[in-house]
Amino acid sequence: LADIKNTTGEAPINFYDVGIPGYTGKVATQSVRRLYEAQSGVLGLIVNTVNGRIKELKKHVEIENAANLGHDIKVKFSTMFFELHPLDEDKQNEFFQFCEEDDRFVPICSTNNDFEILQFLGKKYEKYLENLNN
């Protein structure tokens, strides 16, 4: 803390300092930027629709969003869930991947209804154990 008070440097200039409007929102992911680029311009939109690139890029965005949602669910629920539903630590990541592969994962987990999410995870846990034992 004493070092900070002794510094003589100034903060770097940002766009507000010089009166330029700037974007302060969430930075788009690479998949979202690629999709936007493929859809921009009439010719690009037509060509990329015909060759299937837009459909492919939309699928990448969906997969990326599901993975991010899966990470958030894992961070939020894993400690509590695995206290009630014991599973070896080396199998926990595999369990969450198993959950993400279900078509209902994104719609259920996007609701932010903790009770529904825990019910879904509980059902997937039973199915996961059944698959492990077979």
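1. Is Asp114 buried, partly exposed or exposed? Asp114 is partly exposed, because its relative accessible area is 32%, and the partly exposed class runs between 20% and 50%. Note that this is a predicted model.

2. Asp114 has a charged partner. Lys76 forms a salt bridge with Asp114, and the closest N and O atoms are 3.0 Å apart. This pair links distant parts of the chain. Lys76 sits in helix H4, Asp114 in helix H7 (residues 114-133), and 38 residues separate them.

3. Helix H7 also holds a salt bridge of its own, between Glu130 and Lys127. Their side chains meet at 3.5 Å, N to O. The two residues are 3 apart, about one turn of the helix. Glu130 is partly exposed, because its relative accessibility is 43%. Lys127 is partly exposed too, with a relative accessible area of 38%.

4. Next, Arg104 and Asp102. They form a salt bridge, with the closest N and O atoms 2.8 Å apart. The two ends differ in exposure. Asp102 is buried, because its relative accessible area of 15% falls under the 20% cut-off. Arg104, at 47% relative accessibility, counts as partly exposed.

5. That pair belongs to a network of salt bridges linking Asp102, Arg104 and Lys124. Over the structure, the count comes to 4 salt bridges. As a general point, side chains of opposite charge can pair when their charged atoms come close.

6. Now the largest pocket. Its volume is about 250 Å³. Asp102 is one of the lining residues, along with others including Glu100, Glu101, Asp103, Phe105 and Val106. Lys59, Glu62, Ile63, Asn65, Ala66 and Ala67 line the pocket as well.

7. Which helices each supply at least two residues of this lining? They are helix H4 (53-84) and helix H6 (105-109). H4 gives the largest share, 6 residues. Lys76, the partner of Asp114, lies in helix H4 too.

8. By class, the pocket lining has 6 charged residues, 5 nonpolar and 1 polar. The charged ones include Lys59, Glu62 and Asp102. Among the nonpolar ones are Ile63, Phe105 and Val106.

9. Last, the surface. Ile13, Val18 and Ile20 form a nonpolar patch there, with about 320 Å² of accessible area together. Ile20 is in the loop between helix H1 (2-6) and helix H2 (30-39). Ile20 counts as partly exposed, because its relative accessibility is 48%, and exposed would require over 50%.

Note on methods
Residues are numbered from 1 along each chain as its sequence is written. This is a predicted model: local features need pLDDT of at least 70, side-chain atom pairs count only at pLDDT 80 or more; totals for chains, interfaces and linings use all residues. Side-chain values use heavy atoms; hydrogens and water are left out. On a 1 Å grid over the protein atoms alone, a cavity is a set of points where a 1.4 Å probe fits but cannot get out, and a pocket is an open set with protein on both sides within 12 Å along at least five of seven lines; lining residues have an atom within 4 Å of a point. Grid points are joined across faces, edges and corners, and a volume is the space filled by probe spheres set on the points. Helices (H or I, at least four residues) and strands (E, at least two) are DSSP runs, numbered from the N terminus. Patches are made of residues with over 30% relative accessible area and no salt bridge: like charges are joined within 9 Å, nonpolar side chains (Val, Leu, Ile, Met, Phe, Trp, Tyr) within 5 Å. Accessible areas come from the Shrake-Rupley method with a 1.4 Å probe; for residues, only the protein chains shown count as cover. Buried means under 20% relative accessible area, exposed over 50%, partly exposed in between (1.4 Å probe, protein chains only).
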